[in-house]
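Biologist: Got a minute to go through this one with me? Let's pull it up first.

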Amino acid sequence: MKASNNTNLTQANALTIDVEDYFHVEAFSSVVKRTDWGNKYPLRVEKNTHHILNILEQHNVKATFFVLGWVAEACPTLSRAIVAGGHELASHGFSHQHANKQTQETFKQDIIRSKHLLEDQSGVRINGYRAPSFSIGQKNTWAFETLYQAGFIYTSSTYPVKHDIYGTPEWPRFKHLRQEGIVEIPIPTLEVFNRNVPIGGGGYFRLYPYALSRYFIQRFKQQTQQPFSFYFHPWEIDPEQPKMRGISMKSRVRHYLNLPRMEPRIHQLLSDFNWDTMFNTYQLHGLVNDEEPSNQEDSTQRLFSLGQLR
Ligand SMILES: [Zn+2]
């Protein structure tokens with residue numbers, strides 16, 4: 001059943017998946033060493049992403065997959081499977097290091113490495129980027145320019161909420177063209193009593209009862225007349241994942257809360273609203289110049305000017 005016959009409510013929304021594994025998340029970074037990724041902690045992301053591809057096929061939904069370069073390297077056929085399913089392939093960076101904890105040079109290397117790897121594996125141009133934990137803010141606005149220079153046309157890397165790990169509560173809430181030349185599509189929020197309530201997915205979607213999330217989405221679309229966008233992770237539909245030891249109660253709650261309820265809720269969400277890729281939903285076609293040379297030549301040309309940045 002669709003949410004409503006109201007035109008705005010039936011318009012497409014962007015479905016996005018941040019393709020990383022359970023051991024990549026920020027909440028575990030104090031106990032998980034990078035050298036343990038895929039070793040001490042076995043890989044589950046490939047199987048879980050294929051499961052998501054099957055769910056999307058059942059609902060005839062296309063989505064945007066922001067794939068971590070580390071995952072693409074560990075699972076070299078995954079990018080192609082995503083593209084073969086008719087979905088949009090995009091980048092979540094390479095190493096899952098927060099953009100606000102990197103220097104501009106390290107960030108540049110990280111995003112270029114991920115972009116070129118995904119393009120080499122899939123044969124398609126990578127247009128979109130999402131920073132780990134929405135880590136672009138006031139202190140690292142240079143990231144937008146670096147992304148633009150590297151050949152990305154859009155990013156979805158800001159969350160205008162107050163949060164202990166991320167958040168830019170005073171920044172724009174809707175899609176906008178940045179002065180650096182790149183489009184930013186913030187994670188959706190609902191304005192309640194002059195505060196932005198996070199409603200874009202992940203842990204909040206697992207926390208709220210489903211009916212409340214559905215109400216928030218309907219309210220957002222009616223209030224703002226904007227498309228909604230939603231994000232989740234492959235590990236969120238995997239209640240069988242190994243349990244991490246030695247983490248704080250807060251991290252434990254954030255990561256494991258309502259995991260068994262996630263998959264049925266995703267099915268419900270896909271039935272209740274219309275979904276498409278970020279690229280289609282936000283009508284980004286006009287920003288890609290088909291006459292450009294090959295992707296990597298193009299980004300290399302743009303990068304020549306990066307030396308002048310600071
Ligand atoms: Zn992530």
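**Helix H2 and a helix pair**

Modeller: At 1.5 Å a residue, the 15 residues of helix H2 (residues 45-59) should span 21 Å, and its end C-alpha atoms sit 21 Å apart, which agrees. The expected span is 1.5 Å times one less than the number of residues. Helices here are DSSP runs of H or I with at least four residues, strands are E runs of at least two, both numbered from the N terminus.

Biologist: What should I know about the model and the numbering?

Modeller: It's a predicted model, where local features need pLDDT of at least 70 and side-chain atom pairs count only at pLDDT 80 or more, while totals for chains, interfaces and linings use all residues. Residues are numbered from 1 along each chain as its sequence is written.

Biologist: Which residues of H2 are buried?

Modeller: Val45, Asn48, Thr49, Ile52 and Leu56. Buried means 20 or more other C-beta atoms within 10 Å of the residue's own, exposed means 12 or fewer, and partly exposed is in between, with C-beta atoms placed from the backbone.

Biologist: Why do they line one face?

Modeller: Down the H2 axis they fall within an arc of 100°, so they share one face of the helix; the arc is that of the directions from the axis to the C-beta atoms.

Biologist: And what's exposed on the face turned away?

Modeller: Lys47, Asn54, Glu57 and Gln58.

Biologist: New topic: what follows H2?

Modeller: Asn60, with a positive phi near 55°.
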